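User: I'd like to learn how to read salt bridges and a chain-to-chain interface in a model like this one. Could you walk me through it?

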Amino acid sequence: MMRAQALLVAGAVAVTALVAAAVAQTTRQPTAKDLRPVPSFQNIADQQARSIALFEEAGKVLQHPRCVNCHPATERPLQSDAMRPHQPLVVRGADGHGVPGMTCNTCHHVANFDAARVPGHPQWHLAPASMAWEGRTLGEICAQIKDPNRNGGKDMAALLHHMAEDTLVGWGWSPGPGREPAPGTQAAFGALLRAWADTGAHCPPS
Amino acid sequence: MALAIKVNGTMQSVDVDNDAPLLWVLRDALGLAGTKFGCGVAQCGACTVFVDGKPMRSCTLPISALGTREVTTIEGVSGREAEAVQQAWIARDVPQCGYCQSGQVMSAVALLKQVKKPSDRDIDLAMNGNVCRCATYVRIRAAIHDAARALEG
């Protein structure tokens, strides 16, 4: 009899936990790791203000360590969520892939190697110096990424494709254990920037 | 997983796990123990080999990612640059304990294949990922300059 009661109690606890989890799933509040969806900006009547708000939301990704670490202010990349200088010392080199004898893919191979926590991608490399974001304001980054003289000659269509489709950019959402993924998803990030472009691609004032 | 890989010019059959790092395939499956395990996380350079002629850390390269690319280890590295580095290393008596030296030599050869007359900065940047606990860095740099001069002549 005692055993039957214990089983009933355990069952009730389990059901309660499942219901609580389901409720939490449906009522979960957005966190800093999410991106607001584009429709949630519709209540901003002024188009320029809406455009800037959309860019500022996308800026959560642009200024995240997963992105800034390879858009460093110096020739040396950063690493980790703490954005420490890369160990060992490596530099951008002429083409963003390092220097003779020590290129990015000397250590970073075609995919993350989780056993050693070494990240990887076939195109692993640094952004050009003209696209350094470390220490820049969102307004400065916005001006940079719109400027074909600094962004590698990309027009807006190419820029949006790079942000939303490029698989090295996409690595930011699949960084492997020990590294926080960029907020939201690449699709949500791309949608924010497309909406930003559609509203005039206005930049924050600073 | 049984697979065939080309190492030092010879096709070899190995039966290893998909995610086995190339380093351990070389050392344990093929008995090529000249390539060393240092850190296992691509921080020290002791495991440096060439993959299709380019220096790579073998401790973090799973064998499944190697594909058809050819591996060259310290046992198989050859050519003018390798000979010049070998002679310079002997002349300068570069190694102390020697544990890191196969990796150092592979990186030095890789540098000289691409930069015929490297500056101190070229050498420092290329060799930065090869750690030497005996701190033979000064002799390594001098020996690379020696090798470059020998290759000029």
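Analyst: Happy to. Let's begin with one pair: B:Asp146 and B:Arg92 join their side chains in a salt bridge, with 2.6 Å from N to O. This bridge ties distant parts of the chain together, since B:Asp146 sits in helix H5 (residues 137-152) of chain B and B:Arg92 in helix H2 of chain B, 54 residues apart. Please keep in mind that the model is predicted.

User: Is B:Arg92 buried, exposed or partly exposed, and why?

Analyst: The way to decide is to compare the relative accessible area with the cut-offs: under 20% is buried, over 50% is exposed, and partly exposed lies in between. B:Arg92 has a relative accessible area of 38%, so this residue is partly exposed.

User: Which residue meets B:Lys116 in a salt bridge?

Analyst: The partner is B:Glu81, at 3.3 Å from N to O. Here too, distant parts of the chain are linked: B:Lys116 lies in the loop between helix H3 (101-114) and helix H4 (120-127) of chain B, while B:Glu81 belongs to helix H2 (residues 80-92), 35 residues away. B:Glu81 counts as buried because its relative accessibility is 10%. It is also worth looking for bridges that share residues: B:Glu81, B:Lys113 and B:Lys116 form a linked network of salt bridges.

User: What does chain A offer for practice?

Analyst: Try A:Arg150, which forms a salt bridge with A:Asp147, their closest N and O atoms lying 3.0 Å apart. A:Arg150 is partly exposed, because its relative accessibility is 30%. Over all chains, a search of the whole structure gives 10 salt bridges.

User: How many salt bridges are there between chain B and chain A?

Analyst: The count is 1 salt bridge between these chains. B:Arg121 pairs with A:Glu75, with 3.1 Å between the closest N and O atoms. For polar contacts, the interface has 6 residue pairs, both residues at pLDDT 80 or more. On the side of chain B that touches chain A, the elements giving two or more residues are strand E4 (54-57), H3 and H4 of chain B. That side divides into 13 nonpolar, 6 polar and 3 charged residues.

User: How much area do chain B and chain A bury between them?

Analyst: Interface size is often expressed as the accessible area lost when the parts come together. In this case chain B and chain A bury about 1,700 Å², with 64% of it on carbon and sulfur atoms. In chain B, the residues losing the most area to chain A are B:Arg57, B:Thr60 and B:Leu125, together 27% of what that side buries. The contact draws 22 residues from chain B and 17 residues from chain A.

Key
Residues are numbered from 1 along each chain as its sequence is written. Chains are lettered from A and ligands numbered from 1 in the order in which they are written. This is a predicted model: local features need pLDDT of at least 70, side-chain atom pairs count only at pLDDT 80 or more; totals for chains, interfaces and linings use all residues. Side-chain values use heavy atoms; hydrogens and water are left out. A salt bridge is a side-chain nitrogen of Lys or Arg within 4 Å of a carboxyl oxygen of Asp or Glu. Buried means under 20% relative accessible area, exposed over 50%, partly exposed in between (1.4 Å probe, protein chains only). Helices (H or I, at least four residues) and strands (E, at least two) are DSSP runs, numbered from the N terminus. Contact means heavy atoms within 4.5 Å. Buried area is the accessible area (1.4 Å probe) that two parts lose on being put together, summed over both. A polar contact is a pair of N or O atoms within 3.5 Å; within protein, one must be able to donate a hydrogen and the other to accept it, and residues adjacent in sequence count only if both atoms are side-chain atoms. Ala, Val, Leu, Ile, Met, Phe, Trp, Tyr, Cys and Pro count as nonpolar, Asp, Glu, Lys and Arg as charged, and the others, Gly among them, as polar.
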